[in-house]
Amino acid sequence: MRYCILDVDLSRPLPDAKIGLTESGLGLVVRWRGRLAGFRMMAVTPNTTVPATTLTELAQEWFGDRLLALEVERVIRDRSKEATPPAPSLTIAICTRNRAERLIRLLRSVTAPGTLATFSSWEIVVVDNAPPDETTRNAVARFPTVHYLIEPRAGLDFARNAALRFASCDWIAFLDDDVVIDRNWANGLYKAWCDSPDAGGYTGLVLPFSLETEAQIYFESHGGFGRGFCPIDFRAAKLDNPLHPVGAGSIGAGCNMAFERSLLLSLGGFDEALDMGGPLPGGGDLDMFYRVLRAGRSMVYEPDYAVYHEHRESIAELRRQYWSWGLGFMAFIAKSRRSDPSLREKHNKMIQWWFGNKFLAVMRTAVTARWQDCQFQLAELRGGIIGFFGAYDRSTRRAAKIRQSAR
Amino acid sequence: MSPVIIHHVDLSAAEPVIPLNPALRVCIVFWWRKLPLGMRLYLSEELPLRRSQWIVLTAELAAGQLAARLPEWGAPFGAVYDGRPRMVVSKDALLGLGNPLHLLEKLAQPAVELNQDITVIVCTRDRATDLDRCLHSLIAQRVPPAEIIVVDNSPQASASLVCAGFPGVVYIHEPQPGLSRARNTGIAAARSALIAFTDDDVEVHPGWTAELSRAFRNNKVDVVTGLVLPARLDTEAQEAFQFDLGGLGNRFVPALFDTSFFTRYAAFAVPTWRIGAGANMAFRRSVFSRVGPFDQRLGAGAAGCSEDSELWYRVLLAGGQCLYEPRAVVFHNHRADWSELTKQMRAYMEGHVAALIVQGAYAPRSGNHRRIWCQIPMNFLRAVKNGSRSRRAILPYEISGWFRGLRYFWRKEWRTPRSCTLNSILDVEK
């Protein structure tokens, strides 16, 4: 089971899509005049060719309205063209651990000529988190413009905070080591900044990098990290979500996010007890989104600011990921419930809703004998239970210990 | 619950402004000059919108209008089940689009003349203040209609005083109760080729009659319906009616309802209630001689409502066409009291079931009864499961309306086909 990913710009002539012998489907990324307009997966017979006319018809059917909206938006923006402010300076922070190959792939996409041309002043820093050997250092050495930094204390948020301390630019964009950036990534980030200069942070679209395994296809077809192709402005309240900002999960994903550096510093950086790996591998990004919103700044989701994420390859890894989402989410909820008493009622409702919803999902999938769905839901529920009952406190003690021993 | 404030915003203006106000929620109706584009509800925390949000929103709404309205792309398009037009924007059309704002500007040109005389009929019953507002809006039409007829359905003739204040308004007293009866009386008295209906609790947009008339000129259709916007959302009942119960339709793009619409959904009950609302509809006069007048067993004062959708059902069955054209705008005053709303929703459901029984007699094996016995109860279950708080609060009244509607099954004459010819009280041909 493999899907090939095809990236087409509908404003140009399309190629025929050749489906290989081992491929059973197609993931179609559609653009309009370079801008991302839609993504959709479909099953295709192996070893065939999908002619360009069919591709065009499908893309029109799925995304025609969106393409027209993009076209109108282009004209309106051209009409009201005003002087765009000079771009702020940008630090790109990549936290990594033992994934030299993927890191090289990412650094290639970031340092490709012209990628960062929008930003006149930028720096790239790789934070090597508790490295067991020299491979990451050697990998980074191949890119002369990239700074290398070691954070000996294991934990993603230790690394993110190290990057934050190192950074000297106005904005800091975080990337995980398992992504590759889109060619318009920097333009998208700049556009988000021009559109909403008062926002505290931006999150972006996350598309699949590859759909090579059952787990990757499963994850992407069950929603993936996608938040759609329209920008979303997250402020103190949202009409369609009475619990907002509690939860913060719909805002974006930590593998592709950017913040105003001074804001992060004034908020005291990431919570190092979250995203600790091992016992508590998650929640740090949600926690930061939540604190930005609670500090009175907005978060903006911008689809043009896009990356491609390598999803977990095996079912076991994916199951662990679901577990870690449940765990990280509930640990974060337990933490913010305690630290933010004015929203306690919303937190209580969120806890009720989350556990009820997960329990129902487990029951529903079990009754209909969808065992795979069931095991993922169960993993997430199990993670949530551990997360809610003291995971954050245990992790805080562990983080304190790590800090002490590193001193 | 605090009231929802309604704002009208013209997106063709360079920098749209929403005045700040203390309301918890703001409902914004977006226009491009005289062309309604869409309506959204916002929390005050989500406002003001940024410049970029205005641009994205304008683009999205403008794109929706262009896709559904450009005649060179084949508009108006046939409707699907939910009443929205089915169309696909092709890439070649996009590449040859030209300046979309100029096209939109052209689409937004208001109608300025009446091509055919139009009679406006308002049926009323004991709502003097509402009727007064309604008539004020009617005499303020940009292009005045040929005649305005008020049919007073109140036994006390309470509307005669109001009408006395409007010279030129024709007053007819129809003491026999029933909205359908009153409308038929109005039709018999009307002299124009086009007959438009609105309700006494409505205020019409200044361009209403002109837009209806233009829709009839540009399209060979028998019926034109239009957009019904909320006039005010001051109470919980009004808000629930608009946002939880769907209001009287909130589609902003035109759609064509024709024989293919009818045949496509003939296995289910054809959803003719998606065509529009009785508060904003117009007919060619010839329709009534072809398919008959309003069914006097249906409608307010009789079995409840749905006399409008039942008539459209007959129009489609006879091969006619209906056009939903949201450019023709009226503003409806929803029921302000919760108890009024529950009564109304019960009457809606009762009338709906009654109309389905009547339609089942015209078109046997057409799914009308399946809707009564399967779809509607399924909708109830869905409302229990996913409905909002207000939706669930209304549900018992709807269910009771459903049971009341079922009573008509026991009336044999409702289940046997009736020849749908002209009623004797009408002499449309004269």
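**Domain layout and a three-stranded sheet in chain A**

In the predicted model, chain B is divided into domain 1, covering residues 4-107, domain 2, covering 118-338, and domain 3, covering 340-415. Between domain 1 of chain B and domain 3 of chain B, the C-alpha centres lie 34 Å apart. For chain A, the assignment likewise gives domain 1 (3-79), domain 2 (90-314) and domain 3 (317-406), and the centres of domain 1 of chain A and domain 3 of chain A, taken over C-alpha atoms, are separated by 37 Å.

Within chain A, three strands form an open sheet in the order S1-S3-S4, and the pairing in this sheet is mixed. Strand S1 (3-9) and strand S4 (35-43) of chain A occupy the edges, where each has a single partner strand, so that one side of each is left without a neighbour in the sheet. From one strand to the next, the twist of the sheet averages 15°.

The pairing of S1 of chain A with strand S3 of chain A (residues 25-32) runs in the parallel sense and extends over seven bridges; in this arrangement, A:Tyr3 stands opposite A:Gly25, which belongs to S3 of chain A. Helix H1 of chain A, spanning residues 52-79, packs on the sheet and touches S1, S3 and S4 of chain A, while the direction of helix H1 of chain A makes about 155° with that of S4 of chain A. In general, the strands of a sheet pair through backbone hydrogen bonds, in either a parallel or an antiparallel sense.

Technical notes
Residues are numbered from 1 along each chain as its sequence is written. Chains are lettered from A and ligands numbered from 1 in the order in which they are written. This is a predicted model: local features need pLDDT of at least 70, side-chain atom pairs count only at pLDDT 80 or more; totals for chains, interfaces and linings use all residues. Domain bounds come from an automatic or database domain assignment. Two strands pair if DSSP finds at least two bridges between them. Helices (H or I, at least four residues) and strands (E, at least two) are DSSP runs, numbered from the N terminus. Axes are lines fitted to C-alpha atoms, for helices over the stretch in contact, and angles run from 0 to 180 degrees between N-to-C directions. Two residues are in contact if their C-beta atoms, placed from the backbone, lie within 7 Å.
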